[in-house]
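Me: I would like to go through a protein model by question and answer. Please show it first.

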Amino acid sequence: MKALVKRILLVLAIVMMSAQPLLAERIKDLASIQGVRNNQLIGYGLVVGLNGTGDKDTDSPYTINSLKNLLSQLGVQIPEGVNIKPKNVAAVIVHGDLPPFSKVGQKLDVTVSSLGNAKSLRGGTLLMTPLKGADGNNYALAQGNLVVGGLSAEGQDGSKLTVNIPSAGRIPNGATVEREVPNSFNKAPMLTLNLNDGDFTTAMRVAESINLTIGPGTAKAVDSTSIRVNAPLDPGQKVTFISMLEELEVKPGVASAKVIVNSRTGTVVINNQVRVYPAAVSHGNLVVSISEDPAVSQPAPFSRGGNTEVVPQSQITVTEEGQNHMFLFNPGASLDEVVRAVNQVGAAPSDLVAILEALKEAGALRAELLVI
């Protein structure tokens, strides 16, 4: 059944890629503006209010130290020698993304992950946690109640049940921006568009589309990824200018021939640029079966010094499933012909992977074979 589902998904992916014509796309979907990006934030904090599922005091000394420091800042002094058991507290790492042009007071979503051995963060509350950027400055403050999608349960007999990950959660709008990231967007006389997928043909067509719409000399393709565009200096005019650029439609260049194989799931994706040179491939499946049938050897009746022993007996058989299948590909065989030949003999996606690898080794596959 699983093999049938994988085969259906493979055929659907192939049909979708080969049947639809290459349509024009907006520049907004093809490229991004250099310097306009997210910035990663990270911080260390404490989650309180857990129902006995926090860090164990014997394995998480940093949780105890953090709790003592927090209480001392709030005016509560813990006497020396007093042992704190933070079973309702967990040390966590908080992280999130700061979108471009974020202003002071705006809200961010953050993710909270357990740093110690807490079993679950469900029902916990994150205390005020500063979030730092790569430069070490604080850019946001996070605090709030966690939303945890996972859960865990444990019986008295030691049986456990875990659904998803209960030691991590999210706080929607859980952080407030406290500092803006410096940006030279309004001061730069030129903009640089970076293609999401580098391609010389696409870069040239983007520059041609901009020059045709705005005027000659406005844009220039620098390499396979970047296009430099002259832009107005006035911030208001620049925003209007970029808005107009993003809506321009460009027909991207045809992608190079690729075959992508997911070795874990057996999924194979092939684009319609794949071609096969003249080749013949014979493919068959060998099944090796090893069965164990241990026998018991007992000493003879009334014998002395004998012991009962278990003697291992192994049976190894080698069988070949079905008949060998011979695939014959004509010169310049297309993707449709390759898939049709494989499906006619009822081969699974794993068989297709073996065939493609053999064609690649023989130099008959005109495509890049990527195994992930």
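Reply: One term comes first: contact means heavy atoms within 4.5 Å. This is a predicted model, in which local features need pLDDT of at least 70, side-chain atom pairs count only at pLDDT 80 or more, and totals for chains, interfaces and linings use all residues. Residues are numbered from 1 along each chain as its sequence is written, and side-chain values use heavy atoms, with hydrogens and water left out.

Me: Which strand supplies the largest share of the largest nonpolar core?

Reply: A nonpolar core is a set of buried Ala, Val, Leu, Ile, Met, Phe, Trp, Tyr and Cys residues joined through side-chain atoms within 4.5 Å; buried means under 20% relative accessible area, exposed over 50%, partly exposed in between (1.4 Å probe, protein chains only). The largest core has 22 residues, and Val112 is among those that touch the most other members. S3, S4, S5, S6, S7 and S10 each supply at least two residues. The largest share, four residues, comes from S4.

Me: Which residues does Val112 touch, leaving out those up to four places away in sequence?

Reply: In soluble globular proteins, nonpolar side chains tend to be buried together. The contacts of Val112 include Val47, Val92, Ile93, Val94, Leu121, Leu126 and Leu146. The others on its list are Ser167, Ala168, Gly169 and Ile171.

Me: How many bridges join S5 to S10?

Reply: Strands (E, at least two residues) and helices (H or I, at least four) are DSSP runs, numbered from the N terminus. Two strands pair if DSSP finds at least two bridges between them. S5 (residues 107–114) and S10 (residues 168–177) run antiparallel, and Ser113 stands opposite Ala168 in S10. The number of bridges joining S5 to S10 is six.

Me: Which residue forms a salt bridge with Asp109?

Reply: A salt bridge is a side-chain nitrogen of Lys or Arg within 4 Å of a carboxyl oxygen of Asp or Glu. The closest N and O atoms of this pair are 3.6 Å apart. Asp109 lies in S5 and its partner in S10, so the pair ties together parts that are 61 residues apart in sequence. The partner is Arg170.

Me: How far apart in sequence are the parts that Glu247 and Arg26 tie together?

Reply: Glu247 forms a salt bridge with Arg26, and both are partly exposed, Glu247 at 41% relative accessible area and Arg26 at 29%. Glu247 lies in the loop between H5 and S14, and Arg26 in S1, so the parts tied together are 221 residues apart.
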